[in-house]
Structure formats: structure tokens, C-alpha cells
Amino acid sequence: MGSQKSSERQTRYSEKSNMSGMTQEYSEALIAAHDHLVAKGVPFNNGLTDEEVRSIEDRFAFRFPPDLRAFLQYAIPIGKGFPDWRGSDRHLWEMLRWPEEGIIFDIRNNVFWWPDWGDKPSEESAAVEIATTRLRQLPPLIPVFGHSYLPCAPLEPGNPVFSIHQADVIHRGRNLSDFLLWVHHDPADESIESKYPVYEPDYRHIIFWTDLTRKNYDLS
């Protein structure tokens with residue numbers, strides 16, 4: 001009976017989320033993440049429609065990776081810290097711009113410069129211009145919860161989640177389902193750090209963000 005119920009939920013998830021390129025195991029992990037958040041008291045609304053997904057992607061010039069799109073089309077978490085995808089564009093833009101603005105803040109305060117950008121100009125305005133140009137050449141990061149972001153490229157399931165506070169960037173999960181199971185985790189669980197390392201070389205490599213995570217880990 002339990003197996004049949006699980007299969008029915010899997011079918012409903014597939015129908016509502018327009019999954020592409022996702023294994024049954026991973027889609028089941030996303031359902032488990034949803035159930036975890038519900039158990040922690042996170043409220044949910046009806047999932048995004050195809051039309052809403054297209055509107056968001058057009059307005060903000062990115063594409064949802066298949067796993068995040070699947071999760072948001074199944075149901076939308078609306079608790080504190082989650083982006084309100086049906087809310088104001090201003091609020092969403094603030095969340096989308098947070099990673100870039102944090103890096104620029106550290107550059108202005110002379111505590112960060114990425115060596116691949118060449119020598120840092122002595123003029124702050126020139127340094128900010130170079131950094132802004134290079135950061136905007138990267139694939140966008142999509143807010144998931146708080147200051148944690150999922151890269152939109154490659155456009156396939158399984159990208160790692162990053163926690164971003166200015167240039168202090170760490171891993172927060174191998175993939176979306178992994179991260180969502182971390183949200184509202186039990187702080188008494190002493191094994192949490194081993195389950196969710198701040199840097200894991202086996203996670204999918206994301207240009208710039210993985211390299212910055214590795215650098216921060218090496219310096220810690």
C-alpha cells in the first residue's frame with residue numbers, strides 16, 4: 001500500500017513538474033525534501049504554472065534548471081527566507097543581485113580581487129567596472145533560500161547549492177534536494193557538518209563559484 005502511494009505521488013509529481021532529464025531516484029529525493037519542509041512547518045502554495053515559469057524566465061533573463069523548476073511546479077515554499085516567485089519584481093531583483101553586490105562590496109573595501117581578472121586597477125571605479133563585467137558574464141544564480149543559490153547552468157539537474165555572503169562562499173549541498181533537507185535541520189545533529197561539507201571537490205564544478213569556494217576552504 002505504501003509503495004502504491006509513493007508511486008502515485010511520483011506520477012503526480014511528474015505530471016505537475018514537467019521533469020526532464022531527472023531520474024526517479026532524484027525526483028523522489030525532491031519529494032522527500034518537500035515532505036521535510038512541511039514537517040518543519042514551512043507553508044506551501046500551489047506550484048507555478050508553465051505560463052508563470054515562462055514569465056519569470058523572460059522577466060529575469062534566466063532559465064530554471066530542471067530540478068528547481070520541477071520542485072517549484074510541484075508546490076512553492078512560502079515560508080520566511082524563500083523567494084516569493086509570485087511577489088514583487090523589486091524583491092526578486094534584490095535577491096538575484098545579492099551575490100554580485102556582495103562581491104563588489106568586498107572589492108570596494110579592498111578585501112577581495114579574483115586573480116583571473118588580471119591586475120587590480122588602482123582606481124576603485126575601474127576595479128568595480130572590471131569585476132561587474134566579469135561577474136555578469138557568469139551564468140545567473142537563482143535564489144533558493146536565504147543567501148543560498150543554485151546556478152542555472154549547466155541547464156540540467158544536480159547543480160550544487162552555494163551559500164553566499166559577499167566573497168565568503170561555501171557549498172551548501174550537492175544538489176537541490178540535498179540542500180532542502182539541510183534547511184531547518186536539527187542543530188543537535190552532530191553529523192550535519194560531515195553530511196554538508198563547506199567544500200566538496202566531488203560536487204559538480206561551477207565556473208568561478210566552485211573555485212572561490214575551494215579558495216575559501218584552503219584559507220580556512
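This briefing describes a sheet and the helices packed on it, the empty spaces inside the structure, and a few residues with notable positions or backbone geometry. The structure is a predicted model, and the residue numbers used here start from 1 along the chain as its sequence is written. Among the features described below are an open sheet of 4 strands, a cavity with a volume of about 70 Å³ and a pocket with a volume of about 420 Å³.

**The sheet and its helices**

- Strands of a sheet pair through backbone hydrogen bonds, and the pairing can be either parallel or antiparallel.
- In this model, 4 strands form an open sheet in the order 3-4-5-6, and their pairing is antiparallel.
- The edges of the sheet are taken by strand 3 and strand 6 (168–171), each of which has a single partner strand, so one side of each is left without a neighbour in the sheet.
- Going from one strand to the next, the twist averages 35°.
- Strand 5, which covers residues 162–165, pairs with strand 6 in the antiparallel sense over 4 bridges, and within this part of the sheet Ile164 stands opposite Val169 of strand 6.
- Helix 5 (residues 89–108) packs on the sheet and touches strand 3, strand 4 (148–151) and strand 5, while its direction makes about 115° with that of strand 3.
- Helix 9 (residues 209–219) also packs on the sheet, where it touches strand 3, strand 5 and strand 6, and its direction makes about 100° with that of strand 6.

**The cavity**

- Rolling a probe the size of a water molecule over the atoms shows where empty space is left.
- When the whole structure is searched for cavities of 30 Å³ or more, 1 is found, and the space in the largest cavity comes to about 70 Å³.
- The residues that line the largest cavity are Leu68, Phe71, Leu72, Pro77, Phe82, Pro83, Trp85, Pro143, Val144, Leu176 and Leu180.
- Two or more lining residues come from each of helix 4 (66–74), strand 3 (141–145) and helix 7 (176–182), and helix 4 gives the most, with 3 residues.
- Sorted by class, this lining holds 11 nonpolar residues, with no polar and no charged residues.

**The largest pocket**

- The largest pocket has a volume of about 420 Å³, and of the 15 residues that line this pocket, the closest to its centre are Leu96, Glu100, Leu135, Arg136 and Pro140.
- Helix 5 and helix 6 each supply at least two residues of the pocket lining, and the largest share, 5 residues, comes from helix 5.
- By class, the pocket lining divides into 12 nonpolar, no polar and 3 charged residues.
- Thr132 lies in helix 6, which covers residues 124–136, and Thr132 counts as buried because its relative accessibility of 16% is under the 20% cut-off.
- Leaving aside residues up to four places away in sequence, Thr132 touches Glu100 and Ile104.

**A buried loop residue, Val42**

- Val42 is found in the loop between helix 2 (24–39) and strand 1 (44–46), and with a relative accessibility of 8% this residue counts as buried.
- Apart from residues up to four places away in sequence, Val42 touches Leu37, Pro77, Gly79, Phe82 and His184.
- Although Val42 and Lys80 are 38 residues apart along the chain, their C-alpha atoms are separated by 8.3 Å.

**Backbone geometry in the loops**

- A cis peptide bond, with omega of about 5°, joins Ala153 and Pro154, and Pro154 is found in the loop between strand 4 and strand 5.
- Ala61 has a positive phi of about 60° although this residue is not a glycine, and its place is in the loop between helix 3 (50–60) and helix 4.
- Phe208 has a positive phi of about 70° and is likewise not a glycine, and Phe208 lies in the loop between helix 8 (192–195) and helix 9.
- Is each of these two residues buried or exposed? Ala61 is exposed, because its relative accessible area of 61% is over the 50% cut-off, whereas Phe208 counts as buried, because its relative accessibility of 4% is under the 20% cut-off.

Key: This is a predicted model: local features need pLDDT of at least 70, side-chain atom pairs count only at pLDDT 80 or more; totals for chains, interfaces and linings use all residues. Side-chain values use heavy atoms; hydrogens and water are left out. On a 1 Å grid over the protein atoms alone, a cavity is a set of points where a 1.4 Å probe fits but cannot get out, and a pocket is an open set with protein on both sides within 12 Å along at least five of seven lines; lining residues have an atom within 4 Å of a point. Grid points are joined across faces, edges and corners, and a volume is the space filled by probe spheres set on the points. Ala, Val, Leu, Ile, Met, Phe, Trp, Tyr, Cys and Pro count as nonpolar, Asp, Glu, Lys and Arg as charged, and the others, Gly among them, as polar. Buried means under 20% relative accessible area, exposed over 50%, partly exposed in between (1.4 Å probe, protein chains only). Contact means heavy atoms within 4.5 Å. Two strands pair if DSSP finds at least two bridges between them. Axes are lines fitted to C-alpha atoms, for helices over the stretch in contact, and angles run from 0 to 180 degrees between N-to-C directions.
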